[in-house]
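Trainee: Could you take a close look at one strand with me and go through its surroundings? I'd be glad of one connected account.

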Protein chains: 2
Amino acid sequence: MKQITLAHGGGGEEMNALINEIFSIFENNVLKEANDAAILDDLAFSTDSFVLNPIFLKDVNIGKLAVCGSVNDVLMVGAKPLYLSLALILEEGFEIEKLKIILKSIKEECNKAGVKLVCGDTKVVPKNKGDEIYINTSCIGKSIQKINTKNIKSGCSILVSRDIGAHGCAVLVERNNLEANIKSDCKSLKDEVLALLNADISIKAMRDATRGGLSAVLNEWAKLSNLELLIYEEKIPVCDEVLGVCELFGYEPYELANEGTFILCVDKKDEQKALEILKQFNANAAIIGEITANKKARVVLENAYGAKRILEAPKGELLPRIC
Amino acid sequence: MKQITLAHGGGGEEMNALINEIFSIFENNVLKEANDAAILDDLAFSTDSFVLNPIFLKDVNIGKLAVCGSVNDVLMVGAKPLYLSLALILEEGFEIEKLKIILKSIKEECNKAGVKLVCGDTKVVPKNKGDEIYINTSCIGKSIQKINTKNIKSGCSILVSRDIGAHGCAVLVERNNLEANIKSDCKSLKDEVLALLNADISIKAMRDATRGGLSAVLNEWAKLSNLELLIYEEKIPVCDEVLGVCELFGYEPYELANEGTFILCVDKKDEQKALEILKQFNANAAIIGEITANKKARVVLENAYGAKRILEAPKGELLPRIC
């Protein structure tokens with residue numbers, strides 16, 4: 001590893017290698033837990049930079065994405081998002097009208113998520129040293145229940161909150177000027193997560209399936225728990241439009257990014273209750289698998305005929321600048 | 001205002017116009033206070049992105065700068081920095097060896113400042129869509145004393161913690177390959193600020209004089225308090241090397257950026273005590289002026305002969321990518 005490649009930003013194996021080899025100098029008990037947000041006494045803290053290209057998709061722009069991204073990370077550790085920071089890196093020549101549209105989306109999304117924008121920063125870089133606008137948001141939340149990935153154990157059930165791959169597909173469609181009726185799933189997950197936290201459910205882990213998609217989350221969970229995950233392939237909800245785009249470009253829907261879709265791990269006894277709650281928000285929510293007792297850190301996909309294959313962690317460039 | 005210009009990132013009048021005209025849609029009680037960090041119950045929260053060019057100065061690199069920047073902002077509102085986030089936007093092709101040096105500086109500076117790095121994010125952008133590395137840090141601190149700029153009132157004294165303009169000069173020297181013995185002032189201000197907070201001093205306001213330098217801070221204070229600030233020009237500490245570089249490039253030292261220098265406003269009765277504390281950390285600390293009772297939001301510079309002139313807020317491109 002001598003130089004940074006686009007694959008280092010893809011959320012797959014190369015990024016994990018970068019984190020494990022280079023960023024490991026920061027090792028501490030909080031970082032080691034590798035949750036979506038840091039769990040700090042009664043606070044949760046997350047940060048994300050957004051380099052989406054193009055900055056405007058059909059129904060979503062980089063501003064909305066930037067709010068949802070950090071807010072959802074805080075929700076994933078069982079905290080209520082409260083405060084948001086906003087830092088912009090603008091390219092010289094960026095149009096003020098575009099900036100206004102993006103800021104309007106940020107404001108609307110902050111209102112929906114119930115977070116207050118409390119601090120900010122703006123930097124400007126010369127032409128060709130940026131790309132219109134890069135956004136960083138960091139979010140502070142107050143802990144309701146500490147959801148920590150280290151609590152995953154065998155026998156638990158795995159659920160997904162809706163059909164997968166919509167955000168990745170929406171970016172593909174936009175970049176390639178395709179005619180396809182696909183909307184990004186980008187949204188704040190506040191309502192569904194708070195509903196789960198307020199129900200009497202033993203939640204073991206939650207993670208939104210952003211870069212690297214479902215496959216990245218499941219493989220991370222397998223690694224962190226050192227257990228085998230068994231996933232029933234035909235239960236994974238994928239809509240026809242996403243399947244079509246995936247075939248066209250040779251992508252696996254499991255690896256496509258999502259921005260408002262999360263994976264949930266609960267006690268087996270609570271799986272139906274959790275599913276019912278998720279279905280109130282999206283009819284495509286599903287129970288897709290379980291944590292087995294097999295002490296092998298891997299993800300096994302079983303198809304409708306009982307045939308099994310390993311679902312590897314994403315690798316390579318995937319789809320750069322998806323978020 | 002149709003397009004973003006480099007001046008919008010300069011920390012001067014154009015940036016203020018951008019904030020007042022475009023960012024005002026976010027208006028709320030916290031943002032309105034315009035402190036260096038948001039004051040939230042018992043927490044302080046700050047964010048900053050760093051686009052320094054070049055990324056390595058003589059004794060300081062963008063990594064150290066990124067830690068000090070957000071940590072100092074939290075200190076300025078009277079809080080003890082505790083947690084830091086780190087988000088990187090790396091350009092494809094960036095050398096891993098450079099990244100390692102920067103991360104090492106970040107770690108060292110976190111240790112010095114007593115903050116724990118608890119969450120992070122890495123994005124990669126294609127060549128010519130970034131410039132080696134951009135860094136965002138956000139910092140959470142715990143409030144010791146709430147230092148809020150809105151407490152500034154007439155009769156108070158204004159102090160500066162050391163001689164000004166060193167960081168801006170260090171960047172100029174590096175960019176122009178000059179032979180000049182100037183080191184950036186970049187450092188965490190933890191020790192001096194905690195010493196002030198623990199002394200029995202009535203602190204009205206603190207602000208680190210980063211983009212736009214001393215001049216930007218004083219003009220912001222004049223505006224926020226709607227009072228005239230009287231500054232004794234010959235008391236402002238500027239070292240000979242900085243004066244020399246300023247003459248060469250036609251800059252005012254008052255407008256040059258600092259990254260480890262802060263302006264302090266205290267009750268007149270506490271000015272000597274505050275000065276003594278500051279002098280323990282830097283012999284060039286000085287009392288430089290006072291808040292008058294004149295209800296005109298302006299900064300007046302008085303020279304040794306009693307002649308007065310207005311110190312305007314910085315304007316124009318200044319020195320882009322200073323931090």
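Mentor: Happy to! Let's begin with one pair of residues: B:Leu159 stands opposite B:Leu264 in S9(B). Please keep in mind that this is a predicted model. The strand to look at, S9, covers residues 262–266 of chain B, and B:Leu159 brings us to one of its partners. Strand S6 (residues 157–160) of chain B pairs with S9(B) in the antiparallel sense, and four bridges join the two.

Now turn to strand S7 of chain B, residues 203–208. S7 and S9(B) also pair in the antiparallel sense, here over five bridges. To find your place in this pairing, start from B:Asp208, whose bridge partner in S9(B) is B:Phe262.

With the pairing in place, look at the two faces of the strand. On one side of S9(B) you will find B:Phe262, B:Leu264 and B:Val266, and on the other B:Ile263 and B:Cys265. Every one of these residues is buried, which leaves both faces covered. Buried here stands for under 20% relative accessible area. Five of the five residues of S9(B) are buried, so the strand is largely enclosed by the rest of the structure.

Put together, the picture is this: S9(B) has antiparallel pairings with S6 and with S7, while its two faces are covered. B:Leu264, which stands opposite B:Leu159, lies on one side along with B:Phe262, the bridge partner of B:Asp208.

Technical notes
Residues numbered from 1 in each chain as written. Chains lettered and ligands numbered in written order. Predicted model: local features only at pLDDT ≥ 70, side-chain atom pairs only at ≥ 80, totals over all residues. Heavy atoms only, no water. Buried < 20%, exposed > 50% of the residue type's maximum accessible area, 1.4 Å probe, protein only. Pairing = 2+ DSSP bridges.
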